[in-house]
Amino acid sequence: MAASSAAAPPGFSRILLSRPSTVVALAVFVVIAAACLFLPALGLVAPGGMSVRSRLTPPGPEYWMGADAFGRDVLARLLIAGRASLTIGLGVAVVSSVIGIAIGLVAGFFRQLDAPLSRLIDAMMAFPDILLALSLVAIFGGTMLNVILALSIVYAPRIGRIVRASTLVIRELPYVEAARALGTRTPTIMWTHVLRNIMSPILVQATFIFAYAMLAEAGLSFLGVGVDPSTPTWGIMVNEGRQFIDNAFFLILFPGLGIALSVLSLQLVGDGLRDALDPKLAKDT
Amino acid sequence: MTSYLLRRLVGMIVVIFLVLTIAFILVRLAPGDPAALMLGPDATPEEVVALRARLGLDQPIVAQYLSFLGNVLRGDLGQSLFFNLPVTDVLASRAEPTIFLALFSLIFALVIATPIGIYAAYRHGSAVDQTSISSAMLAASVPSFLTGLIFQRYLATDLGWFPASGYGGPDADFLDRMGYLILPSITLGITNSALILRFTRASMLDILGEDYVRTARAKGMSETRVILRHALKNAGIPIITVVGLTFALLVSGAVVTERVFNLPGLGNLVVNAVLRRDYPVIQGTLIVVATLYVLVNLLTDLLYLTVDKRVKY
Amino acid sequence: MSNKLNLLNLSTAAILAGSPLLAAGTIDVAIIGEPDTFDPMVSTKDVVSIVTQHFVETLYTFDESWSVVPLLAAAMPEIGEDGLTYTIPLREGVTFHDGSSMDSADVVASVERWLDVASRGMAIADRVESVEATGPSEVTVTLTEPYAPLLSLFAFSNSAAAIYPEEIVAPQIETVIGTGPYRLEAHEPDRYTQLVRFEDYTQPEGAAAREQIPDEIRFVPVPDTNTRVEGLLSGQFAFADSLPTEAFDRIEESDAAEPVLLEPFGWPIFAVNHKQGLLTDLDIRKAVQAALPYDDMLFAAFGDDRFFQTEGALYPEGWTWHTEAGTELYNINDQEEAAGYLEEADYDGTPLRILTSRQYEFHYQMAEVAQMALEMAGFTVEMAVVDWATLAQNRDNPELWDIYITHAPFLPEPALISTLFATSREGWDNPKKNEILDRFTSESDPEARLEIFAELQEIAYEDVGFIKVGNFNALQGQARGMTGVAPSPWPTFWNAEIAQ
């Protein structure tokens, strides 16, 4: 079943795009990501300095989204912070996929390593995400890289589990057996036959991890053990805005919307991807 | 069946052993000498050496690891640096709010999400379905501390419907204390209901596609009866599965929720332990929570086995 | 809020919370964290002082105008002609919570322990020759050289010279026993500390009466600032410490609570590393001093000039210790002048490392603004924003920082400002300053001490011993209509009364 879905049926993108919610979600996410990535880079939005006297200016013609406690432009900061938040989400999605794929492939391919690696995956999954990330960040310090690594360790087992299950199925397929009989080396088989075929379910899962990681980052910032505030993230901005909930609600509103919209659109895209790939898969993951 | 049980039990023991190992390694990776950390900046080098010896930190790492395992098996999770109490005592005194918070929010989420999920599946593709699924997703997309803050601000402080924070004073009896958990449970329940709703809906969609349902329909059974009979009959399975699935989610959520509402539970404890660098407490919490998770999952698997005769192992 | 809602309020609160708010005899106080010890000798944390001052007492204390008055002592000491012997008469009939009565042996054992384990005691231990019982109710402290601030140290609740029964005195005290108007009844870590009225309490003669109005005082640790505000406004707490100034208007508009502004409360400090690194060079210190935009830093941190004053004097106007000496170097806010100093120092771009934490948001906010101005002056700035535990650990290692940010309340006696001493972690060891400080602590004439203090303040500016950012007001909140709690960094609740 995995093979049939994974062979990227020709109608894949058509099915994916046939759902209006998926299309809208994808568009929203692309717009957010592009704005965060390109607007500051092209210098269209300048981070601007502090102008303490304009502290907490509400949104208006001068500051479209208002000014924060330092009189910094919230819009510019929102975009810069968005880049950091999205980097964390993407970083976690990529790193946890890489780790998960490695563990899953090895477990699925080498029978004698399957049991120990599967137990390791079970053990890792037994630690709740925030709890483990909290401990890791506390121990190693709150840099962006550490937050990405900590959350990747948290989410990698989920990928590992899927990859292992799919690998177990694929390695028994006739053409893989044939390749093996022809003397193709195991890494080559892993690469050309297995990995290519399981890319889609990994992509689905990675999309969700992207979303969860962004939420987890916000949670860590709230608990006071997130990223160092010299690189602002949306989580940090929301948390900084908390004390101004009465005087300047916009300080929470915009970064809060940034998180909610990104996470929502990512989940919708993930759902769309999953349904487009194989409705049956929705049950397993 | 027996051999399956045996296999599961052995697997579980191995997993718990790995959990312990990971927790041991994690805390060992922390920078700084735990003995120096415990004694504070004014300690003399001699005091540090003496404490290292007392804690067994001067032993080779393997010996330390073995004695750690031995201690844990005997139920000794070490001594809290901050409270100067055994970690097990500290954890035990914090378990109540967390257990009931998790329980109430799970009940809240199930009560809200299961009927909506079943109905959404029944009216698959309808406006109701679309609305419920998208609001569930939206609820799951907002950081839970934000939901909590807003609830606390408006429902507790302004309207006075709930206590704003805490877990009651010395004269609060059990019922009073549970009163403090209502708003936190709703906050946490909302996030979790999203997952349960989606899960119930997906399972129902499956069931509705099964042959026997089609047969029932073909036989002219009314839609309501089809839904009620088969939904109720099969509702047990998603509920069991979801309990296992959301356990980790509940604990993670509890960390943030307990912080917002200042509940003296395990989640708040671990955050404080992190801020106080109380490594034995961090380690102890990780061990207890992870072990609970493993047990809950074993339990749900076993329940599965008894509820669903179709599942074969 | 309408009456109807209020009714609903009460009934729900009664159902949900067992109506503890209506139990008139109980005062619930929200504090910023869990006290890590009930032994105030070994701690300098304000939460420890706030809680423990209700159940342990010292020989002397401060009255509302910050003058030293007797508490467990029967009167002010008799000080020898040479200023070296302090003969302290003790009150008779004072009972400890364990039922034993206090005598000179208890006081000697306690003061000796204080000299051994308390940071403020250890700092003067080498000036104390002996602590002796010269009668059942009399203690004599003999010094090796005059030390005028001694009584202030005996009166201070922070690193306090607390008096314990001789029997429990040990390097580590498990269960603290005091003589205070309240005794420790129960302690659930992270949940509450419950104090109940001590029935055998005898009133002090010098200090104001401890009326023991509440039956119970409960201290509830609420680490999150917002949660403290919500708890106060919803009527859960009769008092909440350390609130964000942003909440002032909301508290003022509330029916349940009213704001308490400590005006001025204290001063944010940029502590300077004199032991090693960049700031051991006077020119670079001067560059920092000249570059900082004090006004903007205070404004960013406190938002409204109701909550801060841009003032360089170490003690605000109205205090005895107030003097303008040296303050022309305060608030220069001239980055070009700073650049000039950097040039003289041949500054090579070595990063200036600022260590701060978000435990107190205003520390971080001041650091952010400072960083911008310092960079404009030509500094390379490296800011480390860590949690408080890390900061408390790292600041003890002079290799890790050049400036760390802290704050202090205005202390009743300048000699309590630890950063003035060369032995402090900042290590400000200027010979001229040391000489002034020695004169200051051994002079007993109040007028002469004021003049020496002016010299001290002047050299603090000239040598940039530390940087005072300004004065700030602290916001606390209390139940509307509550009386009997005098505004203080360490508020006391024995006279607290909530109007019904």
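**Contacts, helices and confidence in a predicted model**

Guide: In this predicted model, the C-alpha centres of domain 1 of chain C and domain 2 of chain C lie 28 Å apart. Domain bounds come from an automatic or database domain assignment. Residues are numbered from 1 along each chain as its sequence is written, with chains lettered from A and ligands numbered from 1 in the order in which they are written. Local features need pLDDT of at least 70 and side-chain atom pairs count only at pLDDT 80 or more, while totals for chains, interfaces and linings use all residues.

Visitor: What makes residues of domain 1 and domain 2 of chain C count as in contact?

Guide: Two residues are in contact if their C-beta atoms, placed from the backbone, lie within 7 Å. On that basis, 12 residues of domain 1 of chain C are in contact with 15 residues of domain 2 of chain C.

Visitor: How many residues does each chain give to the contact of chain B with chain A?

Guide: Chain B gives 36 residues and chain A gives 33. With eight residues, α1(B) provides the largest share of the side of chain B that touches chain A. Helices here are DSSP runs (H or I, at least four residues), and strands are runs of E of at least two, numbered from the N terminus.

Visitor: What classes of residue make up that side of chain B?

Guide: Ala, Val, Leu, Ile, Met, Phe, Trp, Tyr, Cys and Pro count as nonpolar, Asp, Glu, Lys and Arg as charged, and the others, Gly among them, as polar. The side of chain B that touches chain A accordingly has 30 nonpolar, three polar and three charged residues.

Visitor: And how does the side of chain B that touches chain C divide?

Guide: That side has 16 nonpolar, 11 polar and seven charged residues.

Visitor: How do you know that the length of helix α3 of chain A agrees with its number of residues?

Guide: The expected span is 1.5 Å times one less than the number of residues. For the 22 residues of α3 (residues 20-41) of chain A this gives 32 Å, and the end C-alpha atoms are 31 Å apart, which agrees.

Visitor: Why are T22(A) and F29(A) called buried?

Guide: A residue is buried if 20 or more other C-beta atoms, placed from the backbone, lie within 10 Å of its own, exposed if 12 or fewer, and partly exposed in between. T22(A) and F29(A) are among the buried residues of α3(A), so each meets the cut-off of 20 or more.

Visitor: Where in chain A is confidence lowest?

Guide: pLDDT is the predictor's confidence in each residue, from 0 to 100. In chain A the lowest mean, 40, belongs to helix α1 (residues 2-6).
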